[in-house]
Amino acid sequence: MLPPDIDLTVYPDECDAFGHLNQASFLTLFERARWEVLARGPGMDVFTRNGAWPAIRKTVIDYHAAAFPGDVLRFQQVLTHHGRTSFTMRQTARRTGDDVLIATAEFVFVCIDRDGKPTPIPAELTEYLAATRGRAGLGTLQRLTVNGVSLAVDMRGEGPAILFVHGYPYNHTIWAAQMAALDGYKRIAPDLRGMGQSDAPDLGYSMATYAADLAALLDAVGVDEVVLCGLSMGGYIAFEFLRGWRRRVRGLVLVDTRAEADSPEGRRARDAAAALARERGAAAIAEEMLPKSLAPPALTRLPEMVERVRAMMAATPVAGIVGALSAMRDRIDSTALLPTLGDIPTLILVGELDEPTPPARAQAMAEAIPGARLVVIPRVGHLSPVEGADQVTQALRQFLRSL
Ligand code: MLT
């Protein structure tokens with residue numbers, strides 16, 4: 001049986017003078033929800049039985065909306081990462097009446113013994129919590145453990161394979177339109193480590209790790225060659241993949257990306273963004289990234305799309321955000337690679353209004369890669385597969401047919 005959702009009522013004595021659920025009580029409710037899950041699963045004495053108790057190491061809470069006395073909050077909990085002695089739980093609280101997201105939280109624990117020394121997590125606990133991975137809307141996604149992490153992967157269809165790699169701080173759903181439309185191909189769209197519903201380890205992020213995850217994922221699903229399609233950070237990862245596994249790349253699609261490394265100023269901005277994520281959580285990053293992700297036509301006229309993109313970014317684990325920022329900050333320049341790619345059919349796509357990776361950069365890449373074709377998608381920004389879904393799908397279809 002899967003661990004249940006936990007419904008808890010907000011009482012007046014848990015609220016502040018303004019009638020809002022106060023911060024201390026938020027923590028108490030999150031904690032109560034976790035104990036309830038244990039009570040209904042392996043038992044609240046699971047730690048005592050095993051001589052291993054969870055000590056909190058880190059807490060990050062994003063508050064999305066206020067809660068009031070009488071509200072019933074539904075708590076869902078997912079194990080997002082576990083090592084030998086430490087594990088990370090992500091919890092969300094939604095109001096049952098209107099399904100509004102009230103708060104998301106990440107808690108990192110280390111199991112300690114009676115003397116306070118780290119000790120392995122009780123196996124019966126991880127086995128039970130691992131079952132939570134089937135929850136939280138995994139839907140058609142599969143879970144595959146590769147290169148030491150568990151990745152959530154959307155995989156559909158049969159035929160020549162396309163591997164879709166999303167950017168930062170997004171997830172596989174930015175490719176939803178292309179995944180749905182490109183019949184006749186095996187479409188593979190993972191959530192990168194640290195993003196979406198994949199594991200979010202605290203450390204170990206780099207372009208090399210992301211690329212190795214992808215190679216291991218292809219091994220795990222028995223795919224040798226792919227058309228590699230990366231958006232922005234997904235493009236940076238594609239360059240790294242080419243350095244390590246070039247033979248496996250049948251075609252290359254670079255979407256809203258660039259080949260250069262970060263400038264010194266850009267590197268400082270990565271550190272500032274990581275500090276922001278640590279201090280104010282993923283919601284603050286979502287606010288900062290929203291105007292960079294979508295162009296004014298979408299921002300002003302497509303509120304549902306805006307909210308979907310905001311929610312996707314706000315749900316990214318802080319560990320994944322910080323990890324991606326350090327990986328991007330430290331990535332190497334790939335411009336010297338471009339002239340060597342003449343033997344790989346290449347399509348370059350860019351939104352006309354893309355601010356972070358503007359058309360001029362795409363043009364420069366198209367000129368540097370022998371035979372590359374450039375398509376500019378009119379009136380869309382950085383998330384062109386979302387904002388210009390049909391045009392991007394059409395350009396991809398044409399490119400795939402030409403191979
Ligand atoms: C992305 O979309 O992946 C990011 O904008 C890339 C970056 O910040 O360099």
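## The ligand and its pocket

A polar side-chain atom of Arg 270 lies 2.8 Å from an oxygen atom of the ligand. Taken alone, the ligand exposes 270 Å², and the protein buries 93% of that area. These values come from a predicted model.

Two other side chains also place an N or O atom at a short listed distance from a ligand oxygen atom: Ser 232 and Tyr 236. The table sets out the distances.

| Residue | Distance from a side-chain polar atom to a ligand oxygen atom |
|---|---|
| Ser 232 | 2.9 Å |
| Tyr 236 | 2.5 Å |
| Arg 270 | 2.8 Å |

The residues around the ligand are Gly 167, Tyr 168, Tyr 170, Ser 232, Met 233, Tyr 236, Arg 258, Arg 270, Met 328 and His 382. By class, this shell divides into five nonpolar, three polar and two charged residues.

Two parts of the backbone in this region deserve a note. Tyr 168, a member of the shell, is joined to Pro 169 by a cis peptide bond, with omega about -10 degrees. Pro 169 belongs to the loop that runs between β8 (161-165) and α4 (176-181). Ser 232 is not a glycine, yet its phi is positive, about 55 degrees. The loop that holds Ser 232 lies between β10 (226-231) and α6.

Which space does the ligand take? The ligand occupies the second largest pocket. About 610 Å³ of space lies in this pocket. Its lining is made of 25 residues, and those closest to the centre are Arg 258, Arg 270, Met 289, Lys 292 and Pro 356. Arg 258 and Arg 270 are also among the residues around the ligand.

Three elements give two or more residues each to the lining: α6 (233-245), α7 (264-293) and α10 (318-329). Which element gives the largest share of the lining? Helix α7 does, with nine residues. Sorted by class, the lining of the second largest pocket has eleven nonpolar, six polar and eight charged residues.

Key
Residues numbered from 1 in each chain as written. Predicted model: local features only at pLDDT ≥ 70, side-chain atom pairs only at ≥ 80, totals over all residues. Heavy atoms only, no water. 1 Å grid on protein atoms, 1.4 Å probe; cavity = no way out; pocket = protein on both sides within 12 Å on 5 of 7 lines; lining within 4 Å. Points joined across faces, edges and corners; volume = space filled by probe spheres on them. Helix = DSSP H or I, 4+ residues; strand = E, 2+ residues; numbered from the N terminus. Nonpolar A, V, L, I, M, F, W, Y, C, P; charged D, E, K, R; others polar. Near = heavy atom within 4 Å. Polar contact = N/O pair within 3.5 Å; in protein donor to acceptor, adjacent residues only side chain to side chain. Areas by Shrake-Rupley, 256 points an atom, 1.4 Å probe, with all protein chains shown as cover. Sits in = over half its atoms within 2 Å of the grid points.
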